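Reader: I have just opened this structure and would like a friendly tour. Could you walk me through it?

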Amino acid sequence: MATDRAFLDNLVVRQLGPGVEIAGFDCEPAINWFLANVAADHQAKRMSVVRCWLSDGTLAAYVTLSMAYVEIGESPQRERLGLKGLNFKEGGSHAKFFPCILIGMLGVEKKFKRRGLASLIIKRVVGQALNLVQKE
C-alpha cells in the first residue's frame with residue numbers, strides 16, 4: 001500500500017470534543033453510527049477515549065481505545081509468551097489475566113483511504129501500549 005507521507009505528516013490528533021466536527025464523516029454505516037451515537041457518550045463515561053485525526057480541520061479518521069484484559073490459562077501459548085510460572089504471590093496461583101489496550105472502533109473517512117492512515121493509527125496505538133510497559 002502506498003503511503004502519502006506529506007498527508008500523514010500534516011495531520012492533527014485531538015480527543016473527540018468541541019472543535020471536532022463529526023457530521024460529515026463517512027466511512028461505513030456501522031462505524032459512522034457508532035461515532036454519531038455512541039462514541040462521545042462512552043468517552044464521557046470514561047469507558048473509552050476517542051482520538052481523532054484531522055486534515056485541515058476535517059475529520060479524516062478516529063479510533064476508540066479502552067483498557068481491557070486478556071485471559072491466558074494453562075496452554076502452550078503461556079510458555080511461548082514467557083508467562084509460565086508468573087504468580088500473583090509467593091506460592092500462589094499463576095496470573096491468568098493480563099492488561100491490554102482494546103481498539104474498539106477504527107474508521108477512516110472514504111476520501112482519505114489508501115493513504116496509510118489506518119496503518120499509522122495502529123502503529124501509534126501499539127507504540128503507546130509499548131511505552132506504558134517499557135522498563136526504565
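Reader: In which helix is confidence lowest, and in which is it highest?
Author: This is a predicted model, with an average pLDDT of 88 for the protein. At least 70 is the score of 93% of the residues. Helix α3 (residues 76–80) has the lowest confidence, at a mean of 78, while the highest, at 97, belongs to α2.

Reader: Thanks! What is the order of the strands in the open sheet?
Author: The sheet has four strands, and their pairing is antiparallel. Strands β1 (12–15) and β4 (97–108) each have a single partner strand, so they stand at the edges and one side of each is left without a neighbour in the sheet. On average, neighbouring strands of this sheet are turned by 25° against each other, direction ignored. Read across, the order is β1-β2-β3-β4.

Reader: Which strands does helix α2 touch when it packs on the sheet?
Author: The direction of α2 makes about 60° with that of β3. As for its contacts with the sheet, α2 touches β1, β2, β3 and β4.

Reader: And what angle does the direction of helix α4 make with that of β4?
Author: Helix α4 (residues 117–133) also packs on the sheet, where it touches β1, β2, β3 and β4. Its direction makes an angle with that of β4 of about 160°.

Reader: Is N32 buried or exposed?
Author: You will find N32 in helix α2, which covers residues 29–44. Setting aside residues up to four places away in sequence, N32 touches F25, D26 and C27. Buried means under 20% relative accessible area. The value for N32 is 19%, so N32 counts as buried.

Reader: How many residues lie between β2 and β3 in their hairpin?
Author: β2 (residues 49–55) and β3 (residues 58–71) run antiparallel and are joined by seven bridges. Among the facing residues, L54 has L59 as its bridge partner, and S55 stands opposite T58. In the turn, D56 has a positive phi of about 50°. The number of residues between the two strands is two.

Reader: How many bridges join β3 to β4?
Author: These strands run antiparallel. One of the facing pairs is T64, in β3, opposite M105 in β4. The number of bridges joining β3 to β4 is 11.

Reader: How far apart in space are E71 and K96?
Author: E71 is part of strand β3, and its 54% relative accessibility is why E71 counts as exposed. Leaving out neighbours within four places in sequence, E71 is in contact with K96 and F97. Along the sequence, E71 and K96 are 25 residues apart, yet from C-alpha to C-alpha their separation in space is 5.4 Å.

Reader: What is the phi of R46?
Author: Most residues other than glycine have a negative phi. R46 sits in the loop between α2 and β2 and is exposed, with a relative accessible area of 79%. Although R46 is not a glycine, its phi is positive, at about 60°.

Reader: Where is R114, which has a positive phi too?
Author: R114 is not a glycine either, and its phi is about 65°. Exposed means over 50% relative accessible area, so R114, at 70%, counts as exposed. Its place is in the loop between β4 and α4.

Definitions and conventions
Residues are numbered from 1 along each chain as its sequence is written. This is a predicted model: local features need pLDDT of at least 70, side-chain atom pairs count only at pLDDT 80 or more; totals for chains, interfaces and linings use all residues. Side-chain values use heavy atoms; hydrogens and water are left out. Buried means under 20% relative accessible area, exposed over 50%, partly exposed in between (1.4 Å probe, protein chains only). Contact means heavy atoms within 4.5 Å. Two strands pair if DSSP finds at least two bridges between them. Axes are lines fitted to C-alpha atoms, for helices over the stretch in contact, and angles run from 0 to 180 degrees between N-to-C directions. pLDDT is the predictor's confidence in each residue, from 0 to 100.
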